[in-house]
Each structure stands twice: as C-alpha cells, then as structure tokens.
Amino acid sequence: MTKIESLIGKTKTDAFWSLADRAHTVALFCHVNPDGDTCGSALALAAVLRKEGKIVELYCPSPVGGKLTFLDGWESFGAPKTQSRYDLGIAIDCGDTGRMGECAAVTEKCDKFAIVDHHKTNNMACDLSIVRPTACATAELVFMLLSDSKRDLIDPVVAKLLFSALVTDSGGFSFSSVSADTYRIGAELIDLGAKQAPVFAHFLKSTDRNVFELRNRVLSRARFFEGGKIGVIAFFADDFAATQTTERDTDGIVNFVRDVNGVKIAVSMSQTDDGKFKVSIRTDDDVDASFIASVFNGGGHFNAAGCRIPGDYEEVLDRLLKTCRDCL
Ligand SMILES: [Mn+2]
C-alpha cells in the first residue's frame, strides 16, 4: 500500500507534541456555527489527550447539538469549565479569531497557543501554526498528528470521530479538495474501527421532517441570475418560525442550488437576529468562493466560503450579485 504523504512534516509534528506533551491542562476551540469537522476533530484530539491523563476542556461559541450529537463526547462542550488558566490552547478548524466568537477571550488564559486548520485565509497569531489548505478537512491534520507516535490511542471511538469529520467536510469524499490521501486516511480509520455506513447515513442522508419542510420552502423560491449561472436562496425569520427550525438547520441546503446544471455560483442568505445576513457561497471549480467572501470581510475555501453582510434583503442581494458577476 502507498504510504500516506505527511501533510505536516516531522518538524511541525514534533513541535506540536513538544507543546502538547508538556501541557497538563488544555483548552480546545471550535468555530462558531460548528460543523462535523471542527467538533469531530476537537473531540478526537480531546479523547486522545485525556487518555494521556490531561484535563481537556472544549469551547465553542455556538451551542453544539442537532446532528452533532452523533459525535461521542459532544456534551462536554456544554460542561461547566473548571480551569482558570490552561497550559495550552488549540484552535481547531478556525480560519480566524472571529470564528471563535466570545471564546477568543479564553485564549488569553492559555500560556501557549497553537492552531490546526485548513483554511487558506488563516492568519491568526500563535506559538505554533499548522495550517494546510491542501487538506480537505482539519481531521486529516489531526489524524496525521496522531498517526505516528499516538497511533495506539486511536480507538474505534476516536476513529469514528475523525471519520465523521472527514466525511462531513469532504461531502462524502466527493469534493475537489479530496485527495488520494483523504481516501487512504479514511481507509485507515476504518481499519482502526470506524464504521462508515452509520456515518454516511447520519450526516449525508438522514433529514428531520422539519428540516425537510424548511428545505422545500426555501428551494421553491430559489432565484437564478445571469442565465442560470448564479443561484440564490434566502432563509427568513418566518421560514424558521413556520418550520420550527433555526439557522443551524440551513447547513448543506445551498448544495442543492450548486448542483443545478449551469450554476457556477450558489449563494445562501440567512437572516440573523442582528439585522445581518449570514451568507454561504458554493462555487464550481472555475470560481473562487473565498474571494467573493473576502470582499465582505469573510473567508473560507476555494469552493466554499462565507461572510456576514448587514442590510436588508434586496440591498444585500444587489451587492452580492455585483461581486458574483465580476467573478464569472
Ligand atoms: Mn473544516
């Protein structure tokens, strides 16, 4: 079998463990509106560090629930924190400090601070930065960190957490960000005890009835521009109220627009309580989604990015369409 190319390299891996092995108390940080990658990667790393006798506490600025309750240990995000300081803080899958929300203040209480991430826009200050935009998921990086010296600590639960993170961030190993190593890592995780079928069924197939209703409402109003090259959907407060859903349930619905033949840029606009729109942008291979997001102070990946824009619907839509047209 072909050996998996290290995405990280020995020097950085050693630097990471020289920080982590010395730490007794560790804080792990996940990003706002958490997904399977940030939570699965953090919970996997937490499980391993706890096996080594460390006190590990998990921070996320948004509630962790919904589909993420499939991830073993998810309750620990809501557990009361016992430490006033940490030897080490690690931001997992957070493209910038803003993604840590109010939890960013806790990083001040960490004697050392590291980041493990795959967002190309990452420019956070830290003692150790492991940022690899070629990784399709932060889980690939966590796996590589563990695969050498800590492999014995990857039990079936840790393998399931990393496999879940990998599947959710790679669209079930289907995005252009997926490499042959992504599949190799997936295969290794199955060898280590991850069961793939329940992960695919849970994260990629199953839908709650109310989320199904939300999806139908919003997709039925989809608008197309530029001869069908740009597709836009919008979630308003009354959509959430009528279907008893929240912003968290919008996840992935924009992909139905991206998958329409001819669409090069799919945009999802989701109304928030503070008079803004949370915008998700999905693109095909020719268009840089992270550039569009960066125009509005957001960021992300080449084919998937996001930002927040204040204003009313028509005004925000106009500004977005102008930028999108310029990118076609
Ligand atoms: Mn990720």
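In the predicted model, helix 2 and helix 3 cross with left-handed geometry. The two helices pack at an angle of about 15 degrees, and their axes are 8 Å apart; because angles under 35 degrees count as roughly parallel, helix 2 and helix 3 are assigned to that class. On the side of helix 2, the residues that take part in this packing are Asp37, Thr38, Gly40, Ser41, Ala44, Leu45 and Val48, and they meet Thr138, Ala139, Val142 and Leu146 of helix 3.

Both helices also lie on a sheet. Five strands, in the order 2-1-3-4-5, make up an open sheet in which the pairing is parallel. Its edges are formed by strand 2 (55–59) and strand 5 (128–131), each of which pairs on one side only, and the twist from one strand to the next averages 20 degrees. Helix 2 (36–51) lies across strand 1 (25–29), strand 2 and strand 3, and runs at about 170 degrees to strand 2. Helix 3 (138–147), by contrast, lies across strand 3, strand 4 and strand 5, with an angle of about 115 degrees to strand 4. Strand 3 is thus listed among the strands under helix 2 and also among those under helix 3.

Within this parallel sheet, strand 1 and strand 2 are paired over five bridges, and Leu28 is found opposite Leu58 of strand 2. Strand 1 is largely enclosed by the rest of the structure, because four of its five residues are buried. Further along the sheet order, strand 3 (residues 86–92) and strand 4 (residues 110–117) run parallel and are joined by six bridges, with Gly89 standing opposite Phe113 of strand 4.

Helix 4 comprises 14 residues (residues 156–169), for which a rise of 1.5 Å a residue predicts a span of 20 Å; the C-alpha atoms at its ends are 20 Å apart, in agreement with that expectation. Helix 4 is mostly covered, since twelve of the 14 residues meet the burial criterion of 20 or more other C-beta atoms within 10 Å. The buried residues are Val158, Ala159, Lys160, Leu161, Leu162, Phe163, Ser164, Ala165, Leu166, Val167, Thr168 and Asp169. These buried positions pack against helix 2, helix 3, helix 5 (180–191) and helix 6 (196–205), so that helix 4 is in contact with both members of the helix pair described above. After helix 4 comes Gly171, which has a positive phi, near 60 degrees.

The packing of helix 4 on helix 6 can be described in more detail. The axes of these two helices come within 10 Å and cross at roughly 45 degrees, and helix 4 is therefore oblique to helix 6. Helix 4 passes helix 6 in a right-handed crossing, whereas the crossing of helix 2 and helix 3 is left-handed. The contact with helix 6 involves Lys160, Phe163, Ser164, Val167 and Thr168 of helix 4, which face Gln196, Val199, Phe200, Phe203 and Leu204 of helix 6. An α-helix has 3.6 residues a turn, so residues three or four places apart point the same way.

A further open sheet contains six strands in the order 6-7-8-9-11-10, and its pairing is mixed. Strand 6 (223–225) and strand 10 (299–300) are the edge strands, each pairing on one side only. Strand 6 is paired with strand 7 (residues 230–235) in the antiparallel sense over three bridges, and Arg223 has Val232 of strand 7 as its bridge partner. Helix 11 (residues 313–327) packs on this sheet, where it touches strand 6, strand 7, strand 8 (265–271), strand 9 (276–283) and strand 11; the direction of helix 11 makes about 160 degrees with that of strand 8.

In the same six-strand sheet, strand 11 (residues 304–310) includes Gly306. Gly306 counts as buried because 24 C-beta neighbours lie inside 10 Å. When residues up to four places away in sequence are not counted, Gly306 touches Val279, Ser280, Ile281, Ala293, Gly298 and Gly300. The C-alpha atoms of Gly306 and Ser290 are separated by 7.4 Å, although these residues are 16 residues apart along the chain.

Notes:
Residues are numbered from 1 along each chain as its sequence is written. This is a predicted model: local features need pLDDT of at least 70, side-chain atom pairs count only at pLDDT 80 or more; totals for chains, interfaces and linings use all residues. The expected span of a helix is 1.5 Å times one less than its number of residues. Two residues are in contact if their C-beta atoms, placed from the backbone, lie within 7 Å. Two strands pair if DSSP finds at least two bridges between them. Axes are lines fitted to C-alpha atoms, for helices over the stretch in contact, and angles run from 0 to 180 degrees between N-to-C directions. Angles under 35 degrees count as roughly parallel, over 145 as roughly antiparallel, 65 to 115 as roughly perpendicular and the rest as oblique. A crossing is left-handed if the near helix is turned anticlockwise from the far one by less than a right angle, and right-handed if clockwise.
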